[in-house]
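Work through the three exercises below with the sequence and the model open. Try each task before reading its solution.

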Amino acid sequence: MLMKQLAIIIFLLSAGGLFAQGFEVTLRVVDPTSGDAVADATVIVQETRAKYVTDIRGEVRAAVPDAGFYTLRVVLPDGRRFQPRVQA
């Protein structure tokens, strides 16, 4: 039911290599109805307060300090907001 209420799905596409302060992960924001990528969505990793904006493919590369669970704050271009929890 919760998934039906969300207008987006966050995919953890890949966990990149280790870097000096943790991991780089690629996230993708898509519309679950159409499957279309959502460009220009703002993605904030709450635990680090890092802010990212999705590209034309709906993707962002985000830095996280460790493997584990993270809460994202996602703001779509139309103003809708969501807080999915993802595992890196």
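Glu24 is partly exposed, with a relative accessible area of 32% (partly exposed lies between buried, under 20%, and exposed, over 50%; 1.4 Å probe, protein chains only). The model is predicted: local features need pLDDT of at least 70, side-chain atom pairs count only at pLDDT 80 or more, and totals for chains, interfaces and linings use all residues. Residues are numbered from 1 along each chain as its sequence is written, and side-chain values use heavy atoms, with hydrogens and water left out.

**Exercise 1. Find the salt-bridge partner of Glu24, then trace the network that holds Arg57.**

Step 1. Apply the cut-off: a side-chain nitrogen of Lys or Arg within 4 Å of a carboxyl oxygen of Asp or Glu. The structure holds five such salt bridges.

Step 2. Start at Glu24. Its partner is Arg61, with the closest N and O atoms 3.9 Å apart. Glu24 sits in strand 2 and Arg61 in strand 5, 37 residues apart. Strands here are DSSP runs (E, at least two residues), numbered from the N terminus. Arg61 is exposed, at 59% relative accessible area.

Step 3. Move to Arg57. It meets Asp55 at 3.1 Å, N to O, and Glu59 at 3.8 Å. Asp55, Arg57 and Glu59 thus form a linked network. Asp55 is partly exposed at 28%, whereas Glu59 is buried at 19%.

**Exercise 2. Which way do the side chains of strand 3 point, and which strands pair with strand 3?**

Step 1. Recall the pattern. In a regular strand the side chains alternate between the two faces of the sheet.

Step 2. Check residues 42–45. Thr42 and Ile44 point one way, Val43 and Val45 the other. All four are buried.

Step 3. Look for partners (strands pair if DSSP finds at least two bridges between them). Strand 4, residues 50–53, runs antiparallel to strand 3 over four bridges. Ile44 stands opposite Lys51 there. Four residues separate the two strands of this hairpin, and Arg49 in the turn has a positive phi of about 65°.

Step 4. Turn to strand 6. It also runs antiparallel to strand 3, joined by four bridges. Val43 faces Val74.

**Exercise 3. By class, which residues line the largest cavity?**

Step 1. Identify the strands. Strands 2, 5, 6 and 8 each supply at least two lining residues.

Step 2. Go to the centre. Among the eleven lining residues, Val25, Leu27, Val64, Leu72 and Val86 lie nearest to it.

Step 3. Sort by class. Ten are nonpolar, one is polar and none is charged.

Conventions: 1 Å grid on protein atoms, 1.4 Å probe; cavity = no way out; pocket = protein on both sides within 12 Å on 5 of 7 lines; lining within 4 Å. Nonpolar A, V, L, I, M, F, W, Y, C, P; charged D, E, K, R; others polar.
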